[in-house]
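Colleague: I'd like to learn how to read a protein model. Could you walk me through one?

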Amino acid sequence: MSSGTAIEDVHDGRASGRLWRIWAAVDERLGLSGLAYPVPKHANGIPYILGGISFFGFLVLAATGVWLAQFYHSTPEGARESVAYIMNVAPLGDVARGIHFWTANLVMATILLHMGRVFVTGSYKRPREVNWLIGLGLLSITIGLIFTGTVLKWDQEGFEALGHNVEIGELIGAFGFWFSPTFTTSLPIVGRLYIAHVVILPALGTFLLIAHFLLVKRHGISSRPSDFDAAVDGGPAASKGGSTFAAHLVRMVGFGLVILAVATVLSLVIRTPLGGPPDPSIEVSKPWWMFLPFYPFEDWFGLPALIWAPGLLIAALALVPFIDRNPYRSPSRRRALIIIGAIVVIVLVALVGYALVEPVKSHVGAM
Ligand code: HEM
């Protein structure tokens, strides 16, 4: 018994020695151990990992999107039929489409929560003002991806979304030419929106993501507001260690896989909708939940509200780091701004509630 254990120990020792040599050879070439740089312990809590979870969600969207692109036709005649093909014939098409759809919803939610965390903890303050603005760019691109994705289905909902796209293009005037179906006769607008969905917006988003991550690396993750405020009051500077980025990455992948699992279950339980072929004479759809706060504005002020209402909101958010001159970061020491933020969120949620219960209204062509 004792000699057997000794032999096993020798085998284990050789095996772990071999594993160690493989790791050392890989690390020498790829520098993976460089990822084990110190990060503060609180960076591994869910509030500080929401950005990483959103990023993981984008990877899922890219992977499922590549699969969907194998079967999708970006022409007015073929688009809806090809989505039906994906749902009914293409291998794993239905589940890939469902995961794509549900992950888009979940990522939108995690991005909003990430933004909320940055707002509540005052992490947009010096020196992170530009990263807040880059984040707003990422938010706009995500909304653009969801909007263009909706049109691609080319069902009634997609066609009505396109109607809004065209009208908004006209309202923008000279700069709205790209949104017009008459911009070119060589490619139908659904083909150009497809290019926006799979090339232009992902390329812009990748560029902004790289800048976002480089700045997070450059500044380090913000310290806990209470530690920061203690340092402002003359206490010791907050600790920059306690964990490693490698451990943070592992947790990010873990939470990301939970999101993937949730999206997979939802895609299996709830069939991702595809409406009937478009009828241009009717308007019967309400938009996705993230557009709903602006739906009542469309009723009250017409289509131009779709430009100025979200525009004002984004402009107000962009100003936040520049008008908040309070040296502290704890919510309890920034009561006025936190209350304003809470009121804005309550109003937006109330608008979503109102938009959900009000009857569908016709907006396009009713200016
Ligand atoms: C595509 C969407 C986004 C992704 C993938 C993303 C990703 C990340 C990641 C991975 C971090 C590191 C820490 C963390 O996860 O909290 C981070 C930090 C940050 N993000 Fe984002 N982000 C996105 C959108 C936004 C938005 C919409 C804003 C705000 C308008 C924003 C503002 C910031 C700021 C200021 C930091 C530094 C926070 C700190 O140091 O505590 N991000 N982001």
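Modeller: Sure, we'll go from the whole chain down to single residues. One thing up front: this is a predicted model.

Colleague: Good to know. Where do I start, and how many helices and strands does the protein chain have?

Modeller: Start with a simple inventory. The protein chain has twelve helices and two strands. Then read them in sequence order: the pattern is α-β-α-α-α-α-α-α-α-β-α-α-α-α.

Colleague: What size of box do the C-alpha atoms fill?

Modeller: Roughly 85 × 60 × 35 Å, if you take the box along the principal axes. You can also ask about burial: of the 367 residues in the protein chain, 31% are buried. And you can ask how far along the sequence the contacts reach. Take the contacts between residues at least 6 apart in sequence; 80% of them join residues at least 24 apart.

Colleague: Now the helices. At what angle do α4 and α5 pack?

Modeller: For a pair of helices, look at the angle between the axes, then the distance, then the handedness. Helix α4 covers residues 93-120 and helix α5 covers residues 129-152; they pack at about 160 degrees, with axes 11 Å apart. An angle over 145 degrees counts as roughly antiparallel, so that is what α4 and α5 are to each other. Their crossing is left-handed.

Colleague: Which residues of α4 and α5 make the contact?

Modeller: On the α4 side, A104, M108, I111, M115 and V118; on the α5 side, W132, G135, L139, T142, I146 and G149. Sorted by class, this contact has eight nonpolar residues, three polar ones and no charged ones.

Colleague: Let me try another pair. How are α2 and α4 arranged, roughly parallel or roughly antiparallel?

Modeller: The axes of α2 and α4 cross at roughly 160 degrees and come within 9 Å. That makes the two helices roughly antiparallel. The crossing of α2 and α4 is left-handed. By class, the contact of α2 with α4 holds 14 nonpolar, nine polar and two charged residues.

Colleague: There's a ligand too. Which residues come nearest to the ligand?

Modeller: For a ligand, list the residues around it, then see which elements they belong to. Here there are 25 residues around the ligand, and the nearest are G51, S123, G135, L138 and S222. The elements giving two or more residues to that shell are α2 (50-69), α4, α5 and α7 (189-219).

Colleague: Which of them gives the most to the shell?

Modeller: That's α5, with seven residues. G135 is worth a second look: G135 is listed among the residues nearest the ligand, and G135 also takes part in the contact of α5 with α4. As for class, the shell divides into 14 nonpolar, ten polar and one charged.

Colleague: What about the backbone? I've heard of phi and of cis bonds.

Modeller: Most residues other than glycine have a negative phi, and most peptide bonds are trans. That is why the exceptions are worth finding. The peptide bond from R126 to P127 is cis, with omega near 10 degrees. P127 sits in the loop between α4 and α5.

Colleague: And which residue in the loop between α3 and α4 should I check for phi?

Modeller: L92, whose phi is positive, near 60 degrees, though L92 isn't a glycine. L92 is in the loop between α3 (79-88) and α4. W154 is another case, with a positive phi of about 55 degrees. W154 lies in the loop between α5 and α6 (156-172).

Colleague: Are these two buried or exposed, L92 and W154?

Modeller: Count C-beta neighbours: 20 or more within 10 Å means buried, and 12 or fewer means exposed. L92 has 11 other C-beta atoms within 10 Å, so L92 is exposed. W154 has 27 inside 10 Å, so W154 counts as buried.

Colleague: Let me practise on S332. Where is S332 found?

Modeller: In the loop between α11 (305-323) and α12 (335-357). With 10 other C-beta atoms within 10 Å, S332 is exposed.

Colleague: How far apart are S332 and S226?

Modeller: In sequence, 106 residues; in space, 9.8 Å from C-alpha to C-alpha. Now take F322, which lies in helix α11. F322 and L187 are 135 residues apart in sequence and 43 Å apart in space, C-alpha to C-alpha. F322 has 11 other C-beta atoms within 10 Å, so F322 is exposed.

Key:
Residues are numbered from 1 along each chain as its sequence is written. This is a predicted model: local features need pLDDT of at least 70, side-chain atom pairs count only at pLDDT 80 or more; totals for chains, interfaces and linings use all residues. Axes are lines fitted to C-alpha atoms, for helices over the stretch in contact, and angles run from 0 to 180 degrees between N-to-C directions. Helices (H or I, at least four residues) and strands (E, at least two) are DSSP runs, numbered from the N terminus. Angles under 35 degrees count as roughly parallel, over 145 as roughly antiparallel, 65 to 115 as roughly perpendicular and the rest as oblique. A crossing is left-handed if the near helix is turned anticlockwise from the far one by less than a right angle, and right-handed if clockwise. Two residues are in contact if their C-beta atoms, placed from the backbone, lie within 7 Å. Ala, Val, Leu, Ile, Met, Phe, Trp, Tyr, Cys and Pro count as nonpolar, Asp, Glu, Lys and Arg as charged, and the others, Gly among them, as polar. A residue is near a molecule or strand if its C-beta atom, placed from the backbone, lies within 6 Å of it.
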